[in-house]
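The following exercises ask the reader to work from a structure to a reasoned description of it. Each task is followed by a solution in steps.

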Amino acid sequence: MGAQLRVYRQKIRSAQTTKKITRAMELISASRIQKAQARVAAATPYSRAVTRAVSAVATYTNISHVLTTEPAKVERAAIVIFASDRGLAGAFSSQVLREAEQLAELLRSEGKDVAYFLVGRKANAYFSFRRRTPERVWTGGTDAPVFETAREIGEAILESFLRDASEGGVDEIHIVYNRFVNMVSQVPEVVRVLPLEIVDGVEEPGDTDVLPLYEFEPDADKVLDALLPVYIESRIYNAMLQSAASEHASRQRAMKSASDNADKLIREYTRLANNARQSEITQQISEIVGGADALSDAK
Amino acid sequence: MAAAGLRVSVVSADKDVWSGEASMVVAKTVEGEIGILPGHEPMLAILASGNVRVTTADGSKITANAEGGFLSVENNNVSVVASAAEIVE
């Protein structure tokens, strides 16, 4: 067998094995998207109800509580980044990281210090490569998040939110995650979780409206204190679920195009290999014919 | 501002338990039982574990078991939000 032919055959085999892997990953992701999507859909009403209740209170009352009031001066802001544990998901992790960098830039230009909380091994790798130290890191289980992790993250950021900026606490909390729009579109989204941003669905009171009297049981402080961690956890959990669904969709798409590329390579190399085989045969025939001619001439 | 009815939703952390129109909601807060009728003033209360009874617009009754959550009322929207909740037959 000719040397050229052997090289082509090797390349075809290598593309075939790669394709087996990417195809398998594509199928796995495709089967997991459905479930991840269902989890997002199931958890969304809760998150919406909590956020709605909190923003209604913030809009209609003027009770001073950390949850509802803007701090006079923001010295430090926290960014929680939701990336993935594994790569091979296209631009999934890099696009949230890019979005987070832009946000950090903006915050710094406003004279705020930035603290990072990272979720996912990829985010951690990005930071350690640049020798930056995040506040806290959570890794593992980004593709199937559990509520316990959300609670843990919530507790950690709440704890630093309630601490003074001079003691290493933060005054603002932003989250950056991939929002699952549909199978082909996942957009990185930045949300300020605390202090609260008013969400849709709660009508802004007009200037002339008198604020309705809100009734609290047992009292305002206790209710808001109880509401604060619930609110944060639900926002974090929702972001984690959205991010997981996006990760699967993103991986499925990346692996599909990788499989398609492998197909294309295999086709191209097969053509080249056939060509090489053909020319090898042609050469052998012309050698034989030439040899036979030389023999018959010599007689 | 007594409108036609209440829009009620009972939500738990992982699903939408029940939502629809209702004429009355009775829940148990940490201070005691409370009944909510259309036109109730805005309110936010911490729920004690116990049953939430909803009388729907057509008069039938639904009982849900809510644990560790809160009750919010504004503009005739009632949300019962609990980390765990389910319908009791």
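**Exercise 1. Helix α2 of chain A**

Task: Compare the expected span of helix α2 (residues 92-109) of chain A with the distance between its end C-alpha atoms, then establish which of its residues are buried.

Solution. Step 1: The helix has 18 residues, and at 1.5 Å a residue it should span 26 Å; its end C-alpha atoms are 27 Å apart, which agrees. The expected span is 1.5 Å times one less than the number of residues. Helices (H or I, at least four residues) and strands (E, at least two) are DSSP runs, numbered from the N terminus.

The model is predicted: local features need pLDDT of at least 70 and side-chain atom pairs count only at pLDDT 80 or more, whereas totals for chains, interfaces and linings use all residues. Residues are numbered from 1 along each chain as its sequence is written, and chains are lettered from A and ligands numbered from 1 in the order in which they are written.

Step 2: A residue is buried if 20 or more other C-beta atoms lie within 10 Å of its own, exposed if 12 or fewer, and partly exposed in between, with C-beta atoms placed from the backbone. By this criterion F92(A), S93(A), V96(A), L97(A) and A100(A) are the buried residues of α2(A).

Step 3: Viewed down the axis of α2(A), these buried residues fall within an arc of 110°, so they line one face of the helix. The arc is that of the directions from the helix axis to the C-beta atoms. On the other side of α2(A), E105(A) and S109(A) are exposed.

Step 4: The cover over the buried residues of α2(A) includes β1 (76-82), α3 (121-129), β4 (172-182), β5 (185-194) and α5 (220-298) of chain A. Just after α2(A), G111(A) has a positive phi of about 80°.

**Exercise 2. The overall form of chain A**

Task: Determine in which order the elements of chain A follow one another, and how its radius of gyration relates to the globule rule.

Solution. Step 1: Chain A contains 5 helices and 6 strands. From the N terminus on, they run α-β-α-β-α-β-α-β-β-β-α.

Step 2: The radius of gyration of chain A is 29 Å, well over the 19 Å given by the globule rule for 299 residues, so the chain is more spread out than a compact globule. The radius is taken over C-alpha atoms, and the rule is 2.2 Å times the number of residues to the power 0.38.

Step 3: Along the principal axes, the C-alpha atoms of chain A fill a box of roughly 120 × 40 × 35 Å. Of its 299 residues, 35% count as buried.

**Exercise 3. The nonpolar cores**

Task: Identify the residues with the most contacts inside the largest nonpolar core.

Solution. Step 1: A nonpolar core is a set of buried Ala, Val, Leu, Ile, Met, Phe, Trp, Tyr and Cys residues joined through C-beta atoms within 7 Å. The largest has 84 residues, and V80(A), I81(A) and F82(A) have the most contacts inside it.

Step 2: α5(A) supplies the largest share of this core, 15 residues. Apart from this core lies another, of 5 residues, including M25(A), A89(A), F92(A) and M255(A).

Step 3: Two residues are in contact if their C-beta atoms, placed from the backbone, lie within 7 Å. Not counting residues up to four places away in sequence, V80(A) touches F117(A), V119(A), I157(A), I173(A) and I175(A).

**Exercise 4. The interface with chain B**

Task: Describe the side of chain A that touches chain B by its elements and residue classes.

Solution. Step 1: In this interface, 22 residues of chain A are in contact with 21 residues of chain B. The elements of chain A that give two or more residues are α1 (3-60), β6 (215-217) and α5; α1(A) gives the most, with 10 residues.

Step 2: The residues on this side of chain A divide into 19 nonpolar, no polar and 3 charged. Ala, Val, Leu, Ile, Met, Phe, Trp, Tyr, Cys and Pro count as nonpolar, Asp, Glu, Lys and Arg as charged, and the others, Gly among them, as polar.

**Exercise 5. Two residues with positive phi**

Task: Where do L88(A) and R131(A) lie?

Solution. Step 1: Most residues other than glycine have a negative phi. Phi of L88(A) is near 55°, a positive value. L88(A) lies in the loop between β1 and α2 of chain A and is partly exposed, with 15 other C-beta atoms within 10 Å.

Step 2: R131(A), also not a glycine, has a positive phi of about 55°. R131(A) lies in the loop between α3 and β3 (136-138) of chain A and counts as exposed, with 6 C-beta neighbours inside 10 Å.
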